[in-house]
Amino acid sequence: MSLRSVHIFFIFVCTIFCIWFGLWSFQAYQETGTTYDITMGVLSLIASAALSVYFVWFIKKSRQLVWALVWSPIIFLSSSPSAWACATCFADQNSPIAKGANAGVMFLLVVVCAVLIGFAGLFIKWIRRAKKLGL
């Protein structure tokens, strides 16, 4: 499997997860009415739109489409909804286990964002150093 195929696969999976999380957040907003849920839903749908645009751009640029990626959402959506269920996600939103899971997800998001910001800072530092050296 080439690096392009892996990249296309991960963009596609991230887009599907962003859409799913946005819809799940809107459902949680209907149940709880908190602004946190609606904010996360809107942000994740914006991220899914940006990922979709990037996905189309990358496929056009690489001129290579993995057809399994086209069929995978159809297969996923045609599966039984009971297979999607998770006792933690679809149980009581105010239970301690659901609050713990949400706290864990937020912690992991913060860690990922911190690592990405660190990489961005490293690349900016390298770019500035290269300009100073005249490269």
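**Exercise 1. Find which helices supply at least two residues each to the lining of the largest pocket.**

Solution. α1, α2 and α4 (96–133) each do so; helices here are DSSP runs of H or I with at least four residues, numbered from the N terminus. Before going on, note that this is a predicted model, where local features need pLDDT of at least 70 and side-chain atom pairs count only at pLDDT 80 or more, while totals for chains, interfaces and linings use all residues. Residues are numbered from 1 along each chain as its sequence is written, and side-chain values use heavy atoms, without hydrogens and water.

Next, look at shares: α4 gives the most to this lining, with 11 residues. Then sort the lining by type: 21 residues are nonpolar, eight polar and two charged.

**Exercise 2. Locate the largest nonpolar core.**

Solution. Start with Ile8, Ile11 and Phe12, then add Phe55, Phe58 and Ile59, and you have the six residues of this core. Now place them: α1 (3–32) and α2 (35–62) each supply at least two residues of the core. Such a core joins buried residues (under 20% relative accessible area, 1.4 Å probe, protein chains only) of the kinds Ala, Val, Leu, Ile, Met, Phe, Trp, Tyr and Cys through side-chain atoms within 4.5 Å.

**Exercise 3. Why is there no disulfide at cysteine 14?**

Solution. First, recall the rule: a disulfide needs two cysteine sulfur atoms within 2.5 Å. Second, check the distance: the closest cysteine sulfur, in cysteine 18, lies 6.6 Å from that of cysteine 14, so the two are too far apart for a bond. Finally, the count for the model is zero disulfides.

Notes:
Buried means under 20% relative accessible area, exposed over 50%, partly exposed in between (1.4 Å probe, protein chains only). Ala, Val, Leu, Ile, Met, Phe, Trp, Tyr, Cys and Pro count as nonpolar, Asp, Glu, Lys and Arg as charged, and the others, Gly among them, as polar.
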